Amino acid sequence: MKASYLGAMGYAQRYNFPTTWPIPPIYHDPETSVRSYQEGIEECEFAEEMGFEWVSFSEHHYSGRIATGTPAVMAAAVAERCKKAKIAMLGHLLTLNNPVRVAEELGLLDNLTNGRLVIGFLRGTPNEDQTYSVNPSEGRERLLEGMDLIIKALTEPQPFSWEGRYYQFRTVAVWPRPVQQPLPPMVVATRSDDMLHYAAEHKLGLAVSFVPVDQMARVAEKYYAWCDEAGWQPTPDQIVYRGSIYLAETDKQAEAWLEGVKRAGPVPGGIAMQPAVSRAIQAARAGEAFDLRNILAGGVQGDVAGAARGLSFMGGPDTVVKQMKAFHDQCGAGVVDLFFQQPQVNHREVMQEIKLFGREVLPHIKEF
Amino acid sequence: MTQAGQRLTAAGKEDHVEVDGFRIRYWTSGPPRPVGAVVMLEGMTWGLSKLRDALVQKYQVIALELPGFGASPANTRSQSVPELANTVAQATAQVVPEHYTLIGTSFGANVALWQTLQAPDTVEALVLIAPTAILPVAGPMASTPEETARRLFAHPEKARGLASVDPAIVAKEQALVQRLTGGMHDAEAERRLGEIPCATLVLFGSEEKMVAPEAARIYRERIPNSNIAFVYDAGHLIEAERPEALVNAVSDYVELRETFIVGRQTGIINP
């Protein structure tokens, strides 16, 4: 099993954020922000030094928690500092983006890294739909078409037109082409059946984020079955699990930390929205009718869309190794993409965790 | 049962010409003052009714029934696709005295390709929809309706709506296509693609299964003034699965030819 460091580039004072999304830009202090990105890059470099084989980036908007709204820019900066690690774009939110532009960014990144790029396709959490005013009910179809278009754009050697449902481009000729031919490794981040089908049929890998091991196992089981139907089986590197982690010297220390977090009050790690907005998005995504009057009359409190689901891995090294082995054994996960930047953990502590992980966890999980 | 010829009848005024011993029917329709002429050669079994309906708003549209297709008698005389194309070129010359845009689909596109090679001065623009001349997927003809649907459609369940075509017509057309092409790559057509002088658009469904995916780039490389287009989420029968997208692309191309790539839609939301 390999380890991947999620380059979240969280704003240093993220523990001050409200529990809502978006985070008002008034919370942003330029000096703190610049320092935060430098610290985030240092963490990526140190993770590579400690044996992490991937560094990943994820598109998130309007928040300093994962402060990479333009992940390709961040990846390009880190790729100049991390010279060995795979640069994993896990990834662009295709529903929000022009797929041709995404293909161009991916092609350029694979060239800048001399073939170290890993590509992930995903839709994103419900709040992200609002970033560029995308209709949530169209997200899934936009994603499916976007994936097809990106693959075509990265592989077709002649200029072409694309006559899609959501995208029409009369001239597509992406330059530069990827270094890795015919395509860099690709994974689809999903738990939805139609996306699992797509990944299996197109011989793409699978990424699952933040769910418990039994839930990922059920997803992986379906995916493996459909891969089998399609006549192939994924390699371990094609099964990625992204999870949050808090690693301490001992289980007792980790538990003490968690108790302290709970005592401090509501965790500012979620992405709560106004109840009516959250309901409207969920209804649109599900293709259901949405009546605002019911929401206003119902007095719904604290509806949270896509809230962080707690820690996937927590404890001392031995415990975390066992937790990761469960994902390997039960789901076939060959890569764990780890989110260390918990809201209450500062840069110094993250660096300590990375060091401890490299020393006490990584040697063991590499043997899986 | 619906016969292909009866379907075409609804598309305009029927007439016929005599060429090479064939009685070739055609249907003409269009506005009182058309801005140009479009000749359509339909492929096997299923027609281009939606595309025709769109084009007749501006153009004089002539739908020609290929000898051996639709309700015409079995064609046992044509010995090759170029020979059949020559017959069709002569028929077209009788119907359309001057220049025209030529559109063909599937096997009809193969005939259109050869017709353009043989009558290059009359074809102003060429549109090839899912042509099978270059790199057809090898193998015998499908033996069951289910297998046929899998080959023709991105979503075979959509084939149910097209199941009313007379099986005798399908069998007659398949026999002719098989005899003339053998389901094989047309190396001579590929060699001569560079001789096509007119603006040419080649369209394939993104889920095309009858032709290898590399075919599109061969047309783009060899035909001097050409564009290729992929219609998302469509198989071989593009019009059946993405009619609006096909109509949009082809209509734009017939009107604008290679300049159809220039954006014309406004981005203004609230002026």
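R170(A) has a relative accessibility of 9%, so this arginine counts as buried. The cut-off for that label is under 20% relative accessible area. The model here is predicted. R170(A) makes a good starting point for a walk through it.

Place the residue first. R170(A) sits in strand β6 of chain A. What does its side chain meet in polar contact? One partner belongs to chain A: the side chain of E163(A), at 2.7 Å. Another belongs to chain B: the side chain of D252(B), at 3.0 Å.

Now look at the surroundings of R170(A). Set aside the neighbours within four places in sequence. From chain A, R170(A) then touches F160(A), S161(A) and E163(A). From chain B, the contacts of R170(A) are N248(B), A249(B), D252(B), F260(B) and I261(B). This arginine therefore has contacts in both chains, and its 9% relative accessibility puts it among buried residues.

Step back to the whole interface. Chain A gives 18 residues to the contact, and chain B gives 18 residues. R170(A) stands out on its side. Together with E163(A) and R165(A), R170(A) loses the most area to chain B, and the three account for 37% of what the chain A side buries. The area buried between the two chains is about 1,700 Å². Carbon and sulfur atoms give 48% of that area.

Next come the polar links. How many salt bridges are counted between chain A and chain B? The count is three. One to look for joins the side chains of R165(A) and D233(B), with N to O at 2.9 Å. Polar contacts across the interface number 14 residue pairs, with both residues at pLDDT 80 or more.

Which elements of chain A give two or more residues to this side? They are α4 (139–155), β5 (160–163) and β6 (168–172). Helix α4(A) provides the largest share, five residues. By residue type, the chain A side divides into five nonpolar, six polar and seven charged residues.

Finish with the strands. β5(A) pairs with strand β8 of chain B, residues 226–231. The pairing is parallel and runs over three bridges. To find it in the model, start at W162(A): its bridge partner in β8(B) is F230(B).

Return to the opening residue with this picture in mind. R170(A) lies in β6(A), one of the elements listed for the side of chain A that touches chain B. Its side chain has polar contacts with E163(A) and, in the other chain, with D252(B).

Note on methods
Residues numbered from 1 in each chain as written. Chains lettered and ligands numbered in written order. Predicted model: local features only at pLDDT ≥ 70, side-chain atom pairs only at ≥ 80, totals over all residues. Heavy atoms only, no water. Contact = heavy atoms within 4.5 Å. Buried area = accessible area lost by both parts, 1.4 Å probe. Salt bridge = Lys/Arg side-chain N within 4 Å of Asp/Glu carboxyl O. Polar contact = N/O pair within 3.5 Å; in protein donor to acceptor, adjacent residues only side chain to side chain. Helix = DSSP H or I, 4+ residues; strand = E, 2+ residues; numbered from the N terminus. Nonpolar A, V, L, I, M, F, W, Y, C, P; charged D, E, K, R; others polar. Pairing = 2+ DSSP bridges. Buried < 20%, exposed > 50% of the residue type's maximum accessible area, 1.4 Å probe, protein only.
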